[in-house]
Amino acid sequence: MAGDREITNNRENQGMSILRKPLHSKQLRSFTWSLPVLGWLLGLAACGHAQAQGQINAPPAPIASAAAAESLLVDVLSVDSTIAVRLRYLTPDNFTGAPLPGYEVNRAYLRREAAAALGRVQEQLRAEGLGLLIWDAYRPVSGTEGMVAWAERTGNMKLFKQGYIARRSRHNMGVAVDLTLVSLDTGRPLEMGTPFDTFSDAAHTANATGAVARNRQRLVAAMEAQGFKNYDQEWWHFSFEVPNPVPFDVPVR
Ligand SMILES: [Zn+2]
């Protein structure tokens with residue numbers, strides 16, 4: 001399909017350094033991309049959720065260099081070592097049933113600004129006896145391609161239309177994070193009503209009542225207080241705005 005060819009072509013551009021050729025808005029305009037396409041690039045969520053089917057096949061942004069990734073992404077634990085990290089795509093314990101390409105170690109990377117904001121969230125939660133547990137943060141493009149391959153192999157392409165998987169994700173840019181709340185006393189996650197990566201209405205943040213609704217709102221309020229935005233189809237997914245977000249494909253190591 002067209003989208004695959006775009007991804008293949010794009011991967012051939014990996015050597016291009018954004019340090020030498022930053023993706024400024026003037027250059028973006030010269031690509032003659034339409035505003036809806038730019039909206040897709042900036043707005044797609046990440047477990048990737050493209051926002052509408054017509055936007056899924058838009059050209060992806062060029063992948064930034066490994067040097068750019070190294071200078072822009074930081075290990076969340078370097079900001080606050082008390083944040084719990086259990087990367088689900090590093091293990092078979094995810095919706096594909098196998099580890100995804102590009103995940104080599106249990107380490108959560110985010111763009112520096114997002115990591116700093118997450119540290120502030122953790123600090124605020126500590127006063128309430130709560131902490132964060134991260135399931136996914138920066139996701140290499142190869143990891144997203146592993147999801148696409150799984151969807152094609154298993155006849156789950158509907159997940160693209162429904163907004164649960166996207167060919168390009170904000171996770172690829174290190175500006176999205178999937179997480180939940182844990183009790184600092186027990187280390188146990190709070191009850192959120194569905195497991196991570198539940199692809200149904202039950203995962204929509206607003207679809208909850210009672211204690212589950214309160215726990216989801218607690219998470220959303222803590223994250224929003226530091227500038228994150230929740231994706232309304234997934235209570236666990238949050239994104240953060242940074243200047244010039246670009247996708248990366250260096251492994252998590
Ligand atoms: Zn996500």
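Here are some exercises with worked solutions on this predicted model.

**Exercise 1. Get your bearings: how many helices and strands are in the chain, and what percentage of its residues is buried?**

Start with the element count: the chain has 10 helices and 7 strands. Next, burial: 43% of the 253 residues are buried. Then look at how far contacts reach along the chain. Taking contacts between residues at least 6 apart in sequence, 76% join residues at least 24 apart.

**Exercise 2. Work out the strand order of the open sheet, and say which strands sit at its edges.**

Step one is to go through the pairs. β4 (residues 130-136) and β5 run antiparallel and are joined by 6 bridges. In that pair, I134 stands opposite L179 of β5. On to β5 and β7, which pair in the antiparallel sense over 3 bridges. Here V177 faces F238 of β7 as its opposite number. β6 and β7 are also antiparallel, with 3 bridges, and Y231 stands opposite E234 in β7.

Step two is to put the strands in a row. The open sheet has 5 strands in the order β2-β4-β5-β7-β6, and its pairing is mixed. The edge strands are β2 (84-85) and β6, each of which pairs on one side only.

Step three is to check burial in β5. In this strand 6 of the 8 residues are buried, so the rest of the structure largely encloses β5.

**Exercise 3. Which helices lie across the sheet strands, and at what angles do they run?**

Take α7 to begin with: this helix lies across β4 and β5, and runs at about 145 degrees to β4. Now α10: this one lies across β5, β6 and β7, running at about 125 degrees to β5.

**Exercise 4. Check the length of α10, then find where its buried residues point.**

Length goes like this: at 1.5 Å a residue, the 15 residues of α10 should span 21 Å, and the end C-alpha atoms are indeed 21 Å apart, so the two agree.

Now list the buried residues of α10: N215, R216, L219, A222 and M223. Viewed down the helix axis, the buried residues of α10 fall within an arc of 130 degrees, so they line one face. G210 and A221, on the other side of α10, are exposed.

What does the buried set pack against? The buried residues of α10 pack against α7, β5, β6 (229-231) and β7.

**Exercise 5. Repeat the length check for α8, and see what comes just after this helix.**

Helix α8 (residues 141-154) has 14 residues, which at 1.5 Å each should span 20 Å; the end C-alpha atoms are 20 Å apart, so that agrees. Its buried residues are V141, G143, T144, E145, G146, M147 and V148. Just after α8, G155 takes a positive phi of about 70 degrees.

**Exercise 6. Find the residues that touch the most other members of the largest nonpolar core, and trace the contacts of L110.**

A bit of background: nonpolar side chains tend to be buried together in soluble globular proteins. In this model, the largest nonpolar core holds 58 residues, and L110, L118 and I134 touch the most other members. The biggest contribution to this core comes from helix α7 (residues 112-126), with 6 residues.

For L110, leave out neighbours within four places in sequence. What remains is contact with L73, V74, V76, A115, L118, A137, Y138, G174 and V177.

**Exercise 7. Compare the settings of D197 and N244: where is each, and is each buried or partly exposed?**

First, the backbone rule of thumb: most residues other than glycine have a negative phi. D197 has a positive phi of about 55 degrees without being a glycine, and N244 has one of about 50 degrees, also without being a glycine.

Second, location. D197 is in the loop between β5 (176-183) and α10 (210-224). N244 is in the segment after β7 (234-239).

Third, burial, where the cut-off is 20 or more other C-beta atoms within 10 Å. D197 has 20 such neighbours, so D197 counts as buried. N244 has 14, so N244 is partly exposed.

**Exercise 8. Is D178 buried or exposed, and how far is D178 from N230?**

D178 is found in strand β5. With 25 other C-beta atoms within 10 Å, D178 is buried. D178 and N230 are 52 residues apart in sequence, yet their C-alpha atoms are 9.8 Å apart in space.

Methods: Residues numbered from 1 in each chain as written. Predicted model: local features only at pLDDT ≥ 70, side-chain atom pairs only at ≥ 80, totals over all residues. Core = buried A, V, L, I, M, F, W, Y, C linked by C-beta atoms within 7 Å. Buried ≥ 20, exposed ≤ 12 C-beta atoms within 10 Å, placed from the backbone. Helix = DSSP H or I, 4+ residues; strand = E, 2+ residues; numbered from the N terminus. Contact = placed C-beta atoms within 7 Å. Expected span 1.5 Å × (residues − 1). Arc of directions from axis to C-beta. Pairing = 2+ DSSP bridges. Axes fitted to C-alpha atoms, helices over the stretch in contact; angles between N-to-C directions.
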